[in-house]
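Subject: Structure handover

Hello,

Here is the structure for your files. Please read the notes below alongside it.

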Amino acid sequence: MFQFISNKKGETTGVYIPIEEWEKIVESFPGLNTFSDVPKWQKDLVKEQKAALKENPNSFMEFDSFIDEVEKTL
């Protein structure tokens with residue numbers, strides 16, 4: 001199940017792919033997950049965030065909930 005991410009204008013700006021689905025896609029397309037053009041610091045950050053999520057899945061907020069919280073402060 002994919003979720004589309006939209007801005008305030010309703011324009012689609014991205015897509016969220018659950019990790020289980022991403023892993024299936026990567027298995028189907030070898031080399032897709034190489035991140036060859038991504039700087040090392042970004043790769044490291046993603047690895048850290050993935051490990052943190054696995055360790056404590058309740059410590060993260062869904063994107064829509066986060067945006068709702070941010071908009072309350074504006």
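Glu62 is exposed, at 57% relative accessible area. Here buried means under 20% relative accessible area, exposed over 50%, and partly exposed in between (1.4 Å probe, protein chains only). Glu62 sits in the loop between helix 2 (40-55) and helix 3 (63-73). Helices are DSSP runs (H or I, at least four residues) and strands likewise (E, at least two), numbered from the N terminus.

This is a predicted model: local features need pLDDT of at least 70, side-chain atom pairs count only at pLDDT 80 or more, and totals for chains, interfaces and linings use all residues. Residues are numbered from 1 along each chain as its sequence is written, and side-chain values use heavy atoms, with hydrogens and water left out.

Confidence

The chain has a mean pLDDT of 86. In it, 97% of the residues reach 70 or more. pLDDT is the predictor's confidence in each residue, from 0 to 100. Among the elements, strand 2 (residues 12-16) has the highest mean, 91. Helix 1 (residues 19-28) has the lowest, 88.

Surface patches

Glu62 belongs to a negative patch, together with Asp64, Asp68 and Glu71. Patch residues have over 30% relative accessible area and no salt bridge; like charges are joined within 9 Å, nonpolar side chains (Val, Leu, Ile, Met, Phe, Trp, Tyr) within 5 Å. Asp and Glu count as negative, Lys and Arg as positive; His and the chain ends are not counted. A charge is placed at NZ of Lys, CZ of Arg, CG of Asp or CD of Glu.

There is also a nonpolar patch of about 420 Å², made by Met61, Phe66, Val70 and Leu74. Areas come from the Shrake-Rupley method with a 1.4 Å probe; for residues, only the protein chains shown count as cover. Phe66 lies in helix 3 and is partly exposed, at 45%. Leu74 lies in the segment after helix 3. Leu74 is exposed, with 74% relative accessibility.

Salt bridges

How many salt bridges does a search of the whole structure find? The search finds 3. The criterion is a side-chain nitrogen of Lys or Arg within 4 Å of a carboxyl oxygen of Asp or Glu.

- Helix 1: Lys24 pairs with Glu21, with the closest N and O atoms 3.8 Å apart. These two are 3 residues apart, so about one helical turn separates them. Glu21 is partly exposed, at 26%.
- Helix 2: Lys40 and Asp44 form a bridge at 2.8 Å, N to O. Both residues are in helix 2, 4 residues apart, about one turn. Lys40 is exposed at 58%, while Asp44 is partly exposed at 27%.
- Helix 3: Glu69 and Lys72 meet at 3.3 Å, N to O. They are 3 residues apart, so the separation is about one helical turn. Glu69 is partly exposed at 39%, while Lys72 is exposed at 64%.

One distance links two of these topics. Phe66, of the nonpolar patch, and Lys24, of the helix 1 bridge, are 42 residues apart in sequence. Their C-alpha atoms are 27 Å apart in space.

Best regards
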